[in-house]
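Biologist: Got a minute to go through this model with me? I'll throw short questions at you.

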Amino acid sequence: MEVIRSYLETMFANLPNTPEVLRAKNELWQMMEDKYNELVADGKSDNEAVGTVIAEFGNLDEISEDLGIRSVVSGTQDITRRKVTMEEIKQYLHANSNYAFKISLGIFLCISSPIGAILGEAVNFSSLAGLLFLMAFVATAVVLFVHSSITMHRWDFLKQELCTIDFATTNYVNDQKERYNPTYALLMTVGIVLCAISFVPAAIIDELDISFFGFDTDDMAGVLLFVFVAIGVFMIVLSYNINNSYTNILKLNDASTVSGNYASSQHPETKYISPSAAAIMSVYWQTVTCLYLIWSFLTFNWHYTWIIWPIAGIISGVLNSTFKKQ
């Protein structure tokens, strides 16, 4: 039955999402289901029953008049939308995972680049060695940024062109997203926690006056702070980019089509009253995170900068209720 369902979704994929079309689709599904059950009851194998059902009901042009959607099928079918195959989607998801890792690693290197200078000062190395360490990390990060961006150019059409994916591909991407959700939640949580508590090792070292193999404790406190933040941001950026790739694919189908209706029913998206409101809310939490880190690093008052999160949550609720389309 899954094969028949997939075939039905493909038949209706580019038809407009109207009550008339949805009624016809449900009616045809009921006819297919009844015929399949009838054939199986008569002793036909699953493959034989599926083949017979598709042969009898699989041409929408022939049965559209009986379904009452003849004018829709003949006059409004979208032929400008590029159909993206499942193989292409799999290649994109693999490429995006590599892209996310390289971007995250580049950011990690940028954040941790001062560590060399700090360690150099701790062991009385020349300042030139620390500068070279910093430049090497930043240069490597730039190479990763440029290379990863260039390799992703081949997928620009997913953003620039009208595209669509079929029922089976949507199911596949949705399943992959559901499988990734626990990993996404774990990486995001650990990443945020690491950023939030990055001052703790420094505070402990400073309070207990702990020595690290003769290194200055203040220097080691600075190193640990950069390490915690670098690892935390790496986890956040990596998990966000991978999860976002699944979401972007599931948004390929236009909400005005039946296949788009299928995708959006699984992943409802908040609609805002204007493009400006949508743009503001799309970067809201990223902005809050940046403000939190900037405020915390500038003041080092981590014991109360956390208050930004509950305040941001309240403001987010107010903005959503104000900007959300009813």
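**Working through the model**

Biologist: Where is leucine 128?
Modeller: Leucine 128 sits in helix 8, residues 127-151. Helices here are DSSP runs of H or I, at least four residues, numbered from the N terminus. This is a predicted model: local features need pLDDT of at least 70, side-chain atom pairs count only at pLDDT 80 or more, and totals for chains, interfaces and linings use all residues. Residues are numbered from 1 along each chain as its sequence is written, and side-chain values use heavy atoms, with hydrogens and water left out.

Biologist: Is leucine 128 buried or exposed?
Modeller: Exposed, because its relative accessible area is 51%. The cut-offs: buried is under 20%, exposed is over 50%, partly exposed is in between (1.4 Å probe, protein chains only).

Biologist: OK, switch. Where does serine 245 lie?
Modeller: Serine 245 is in helix 12, residues 217-250. Serine 245 has a relative accessible area of 3%, so it counts as buried.

Biologist: And what does serine 245 touch?
Modeller: Tyr92, Leu93 and Asn96, leaving out residues up to four places away in sequence. Contact means heavy atoms within 4.5 Å.

Biologist: Which side chain shares a polar contact with serine 245?
Modeller: That of asparagine 96, at 3.5 Å. A polar contact is a pair of N or O atoms within 3.5 Å; within protein, one must be able to donate a hydrogen and the other to accept it, and residues adjacent in sequence count only if both atoms are side-chain atoms.

Biologist: Now rings. How many aromatic pairs are in the whole structure?
Modeller: The search finds 7. Rings of Phe, Tyr and Trp (its six-membered ring) pair if their centres lie within 6.5 Å; planes under 30 degrees apart are stacked, over 60 edge-to-face, the rest tilted.

Biologist: Why is the pair of phenylalanine 108 and phenylalanine 234 edge-to-face?
Modeller: Because their planes are at 80 degrees, with the ring centres 6.4 Å apart. Phenylalanine 108 is in helix 6 (residues 86-112) and phenylalanine 234 in helix 12, so the pair ties together parts 126 residues apart in sequence.

Biologist: How are those two covered?
Modeller: Phenylalanine 108 is partly exposed at 25% relative accessible area. Phenylalanine 234 is buried at 19%.

Biologist: Last one. What does isoleucine 231 touch?
Modeller: Phe108 and Leu194, not counting residues up to four places away in sequence. Isoleucine 231 is also in helix 12, and it is partly exposed, with a relative accessible area of 32%.

Key: Helix = DSSP H or I, 4+ residues; strand = E, 2+ residues; numbered from the N terminus.
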